[in-house]
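Here are some exercises to work through with the model open beside you. Try each task by hand before you read its solution.

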Amino acid sequence: MKDQKTLYKEAMHVLKETSRTFYIPITFLKNDLKMSVAAAYLAMRAIDEIEDHEKLSNDVKFDLLSAISELLKNEFDAVAYQTLVAPYADQLPEVSLRLADWLTFCPDGSRKIVQASTSEMAYGMGKWAKANWQVHTREDLDDYTYYVAGLVGTMLSELWAWGADIQTDRDLAIGYGRGLQAVNILRNQHEDLDERGVSFVPDGWTREDLFAYAEENLAKADLYMEAINKRTILLFCRLPLALAHKTLKAMQEGREKMTRAEVEQTVEEVQGE
């Protein structure tokens with residue numbers, strides 16, 4: 001068993017290697033909240049890498065994610081998890097193979113929150129993998145974006161309540177997550193269709209409808225921020241949201257994404273506020 005100091009160092013290294021969007025804002029947080037959110041990100045990234053894996057079949061993804069969801073409902077059995085992923089150990093990345101480490105790294109007081117949210121996410125990801133991500137209606141899109149992103153919002157709200165006694169609105173928290181995900185869907189729309197044969201756009205919707213969906217949820221995200229009065233948490237939430245707003249604007253202007261200079265400027269602006 002690795003000690004917490006070693007796990008902290010390794011967790012932050014893997015976090016930096018796997019996330020361009022969330023590493024910087026996580027560093028804004030302090031103490032147990034910082035460790036809790038880092039562990040949560042890594043746990044959710046662990047299952048996300050399974051859902052997005054290019055070589056695993058949808059049936060294998062469903063089986064793995066369903067089993068992981070069950071393991072997360074109780075005290076996590078690291079041996080059972082290693083047995084489960086062993087046949088795919090040469091295909092899965094480090095962040096997925098070390099799920100047990102990320103949960104060990106998570107503070108005791110917040111581990112149940114992180115496990116419960118990751119369990120529900122794994123269930124939903126498995127369900128959508130089995131359905132080959134066939135989104136046909138607004139309800140389908142809401143369901144998918146809830147499982148892969150809205151749940152991040154509700155989990156963060158639970159962590160804010162646990163670690164900083166900050167109470168936020170659940171619907172707005174879901175909107176925060178959905179808004180970020182909707183921007184990702186717009187950014188990857190053509191790539192998803194060309195490379196995976198997957199479309200997250202409901203039947204009959206135009207790209208403009210998808211822009212409206214993103215704007216609707218980002219507006220909820222803006223309202224979500226109003227309940228947060230602790231600077232470190234506000235900075236954490238503000239940076240991904242600012243990047244999402246600016247990415248959406250860039251795409252509406254016909255650009256694919258923000259420039260690196262724009263991203264760096266946004267980081268500086270948020271830190272200076």
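The exercises below concern a predicted model, and each one comes with a worked solution.

**Exercise 1. A bridge between distant parts of the chain**

Find the salt bridge between Glu10 and Arg98, and work out which parts of the chain the pair ties together.

Solution. Start with the distance: the side chains of Glu10 and Arg98 come to 2.5 Å, N to O. A salt bridge needs a Lys or Arg side-chain nitrogen within 4 Å of a carboxyl oxygen of Asp or Glu, so the pair qualifies. Next, place the partners. Glu10 belongs to helix α1 (residues 4-18), while Arg98 sits in the loop between α6 (94-97) and α7 (99-105), so the bridge ties together parts that are 88 residues apart in sequence. Finally, check the accessibility of each partner. Glu10 is partly exposed, because its relative accessibility is 22%. Arg98, at 14%, is buried.

**Exercise 2. More bridges, and a network**

How many salt bridges does the structure hold? Look at the pairs Glu70 with Lys73 and Lys249 with Glu253, then find the network that includes Arg98.

Solution. The total is 17 salt bridges. In the bridge of Glu70 with Lys73, the closest N and O atoms are 2.8 Å apart. Glu70 has a relative accessible area of 46% and is therefore partly exposed, whereas Lys73 is exposed at 52%. For Lys249 and Glu253, the closest N and O atoms are 2.7 Å apart. Glu253 is partly exposed, with a relative accessible area of 48%. Now turn to the network: Glu10, Glu94, Arg98 and Asp101 are joined into one by salt bridges that share partners.

**Exercise 3. Charge on the surface**

Which residues gather in a patch of negative charge on the surface, and which gather in a patch of positive charge?

Solution. Take the negative patch to begin with: Glu54, Glu191, Asp194, Glu195 and Glu256 gather there. One of its members, Glu195, lies in helix α11 (residues 189-196). Its relative accessibility of 61% is why Glu195 counts as exposed. Then take the positive patch, made of Arg20, Arg187, Lys257 and Arg260. Here Arg187 can be found in helix α10 (residues 170-187). Arg187 has 36% relative accessibility, so this residue counts as partly exposed.

**Exercise 4. Two serines and a tryptophan**

Are Ser69, Ser157 and Trp133 buried or exposed? For each residue, list the contacts beyond four places in sequence.

Solution. Ser69 is part of helix α4 (residues 58-71). With a relative accessible area of 3%, Ser69 is buried. Setting aside residues up to four places away in sequence, Ser69 touches Ser119, Ala122 and Tyr123.

Ser157 comes next, in helix α9 (residues 138-164). Ser157 counts as buried because its relative accessibility is 10%, under the 20% cut-off. Beyond its neighbours within four places in sequence, Ser157 contacts Ile166, Thr168, Ala173 and Tyr224. As a further step, compare sequence with space: Ser157 and Ile174 are 17 residues apart along the chain, and their C-alpha atoms are 9.6 Å apart.

Last comes Trp133, placed in the loop between α8 (108-130) and α9. Trp133 is buried too, at a relative accessible area of 3%. Without neighbours within four places in sequence, the contacts of Trp133 include Glu51, Asn58, Lys61 and Tyr144. Arg196, Val198, Ser199 and Phe200 are also among them. For a separation in space, try Trp133 and Lys30: these residues are 103 apart along the chain, and 37 Å lies between their C-alpha atoms.

**Exercise 5. Positive phi outside glycine**

Where do Asn31 and Asp165 lie, and what is phi at each residue?

Solution. Begin with the background: most residues other than glycine have a negative phi. Asn31 has a positive phi of about 50° although it is not a glycine. Asn31 lies in helix α3 (residues 31-51), and its 63% relative accessibility makes Asn31 count as exposed. Asp165 also has a positive phi, near 55°. The place of Asp165 is the loop between α9 and α10. With 62% relative accessibility, Asp165 counts as exposed.

Terms used: Residues are numbered from 1 along each chain as its sequence is written. This is a predicted model: local features need pLDDT of at least 70, side-chain atom pairs count only at pLDDT 80 or more; totals for chains, interfaces and linings use all residues. Side-chain values use heavy atoms; hydrogens and water are left out. Patches are made of residues with over 30% relative accessible area and no salt bridge: like charges are joined within 9 Å, nonpolar side chains (Val, Leu, Ile, Met, Phe, Trp, Tyr) within 5 Å. Accessible areas come from the Shrake-Rupley method with a 1.4 Å probe; for residues, only the protein chains shown count as cover. Lys and Arg count as positive and Asp and Glu as negative; His and the chain ends are not counted. The place of a charge is taken as NZ of Lys, CZ of Arg, CG of Asp or CD of Glu. Helices (H or I, at least four residues) and strands (E, at least two) are DSSP runs, numbered from the N terminus. Buried means under 20% relative accessible area, exposed over 50%, partly exposed in between (1.4 Å probe, protein chains only). Contact means heavy atoms within 4.5 Å.
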